[in-house]
Amino acid sequence: MLSLTIMAITFGVIFLAELPDKTALAGLMLGTRYKASYVFVGVAAAFAVHVVLAIAAGSVLTLLPHRLLQAIVGVLFLAGAAMLLFKKAEDDEEVKAPADQSFWKVSGAGFMLILVAEFGDLTQIMTANLAARYDNPLSVGIGAVLGLWAVAGLGILGGRTLMKHVPLRLITKVAACLMLALAGFSLFEAVTG
């Protein structure tokens, strides 16, 4: 049976936990370069997969080796930063015209980015814990998906708005620096944690 209370609690917890996370940054970057609706479809699908995995796995996700997970995340952030910093410049000041963007390519890129970056993330573990606590997987799942989608939407739309006021080259460099910092933090946690 659906519980609006459990959905609301889950939405609030997941939304607040995900808001300052790397997903908002990823959505912002994708939103600056590609058609927002295409990006959102891919990101939303990846989040739905993550919530299903979290609900199905319950608290088993908390048993993953934390150091190994942090090392993998750190390496992925380093790769992402390198790709941003060393990518050949092409129309840095403009978002590509929608006709030049394949729906499958853009939504697939968003899907893969979120699928990899969010695996074992705090919100996925929190979703698993909430599902175990409330024993209402459907209500927890709906609340978690809506919370994650809300953060993704804000990030993507924020990227579009930011593009109107800040050059893409600067946004890309700032995002690469943030990714380097996140990589350093993740690798430090993997070594010391």
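A residue counts as buried under 20% relative accessible area, as exposed over 50%, and as partly exposed in between. Keep that in mind for what follows, which is about a predicted model.

Let's start with the overall fold. The protein chain has eight helices and zero strands, so there isn't much to untangle in its sequence pattern: α-α-α-α-α-α-α-α. Of its 193 residues, 42% count as buried.

Now for the surface. Leu-78, Leu-85, Phe-86 and Leu-180 make a nonpolar patch of about 400 Å². Helix H4, residues 66-86, supplies the largest share of this patch, with three residues. Leu-180 sits elsewhere in the sequence, in helix H8, which covers residues 168-192. How buried or exposed is Leu-180? Its relative accessibility is 38%, and because that value lies between the 20% and 50% cut-offs, Leu-180 counts as partly exposed.

Then there's the pairing of helices H1 and H6. Their axes come within 10 Å and cross at roughly 160°. Angles over 145 degrees count as roughly antiparallel, and H1 and H6 are therefore roughly antiparallel to each other. As for handedness, the crossing of H1 and H6 is right-handed.

Here are the helices that came up, with their residue ranges:

| Helix | Residues |
|---|---|
| H1 | residues 4-18 |
| H4 | residues 66-86 |
| H6 | residues 122-134 |
| H8 | residues 168-192 |

To tie the table back to the text, H4 and H8 are the helices to look at for the nonpolar patch, while H1 and H6 form the roughly antiparallel pair.

Key:
Residues are numbered from 1 along each chain as its sequence is written. This is a predicted model: local features need pLDDT of at least 70, side-chain atom pairs count only at pLDDT 80 or more; totals for chains, interfaces and linings use all residues. Side-chain values use heavy atoms; hydrogens and water are left out. Patches are made of residues with over 30% relative accessible area and no salt bridge: like charges are joined within 9 Å, nonpolar side chains (Val, Leu, Ile, Met, Phe, Trp, Tyr) within 5 Å. Accessible areas come from the Shrake-Rupley method with a 1.4 Å probe; for residues, only the protein chains shown count as cover. A salt bridge is a side-chain nitrogen of Lys or Arg within 4 Å of a carboxyl oxygen of Asp or Glu. Helices (H or I, at least four residues) and strands (E, at least two) are DSSP runs, numbered from the N terminus. Buried means under 20% relative accessible area, exposed over 50%, partly exposed in between (1.4 Å probe, protein chains only). Axes are lines fitted to C-alpha atoms, for helices over the stretch in contact, and angles run from 0 to 180 degrees between N-to-C directions. Angles under 35 degrees count as roughly parallel, over 145 as roughly antiparallel, 65 to 115 as roughly perpendicular and the rest as oblique. A crossing is left-handed if the near helix is turned anticlockwise from the far one by less than a right angle, and right-handed if clockwise.
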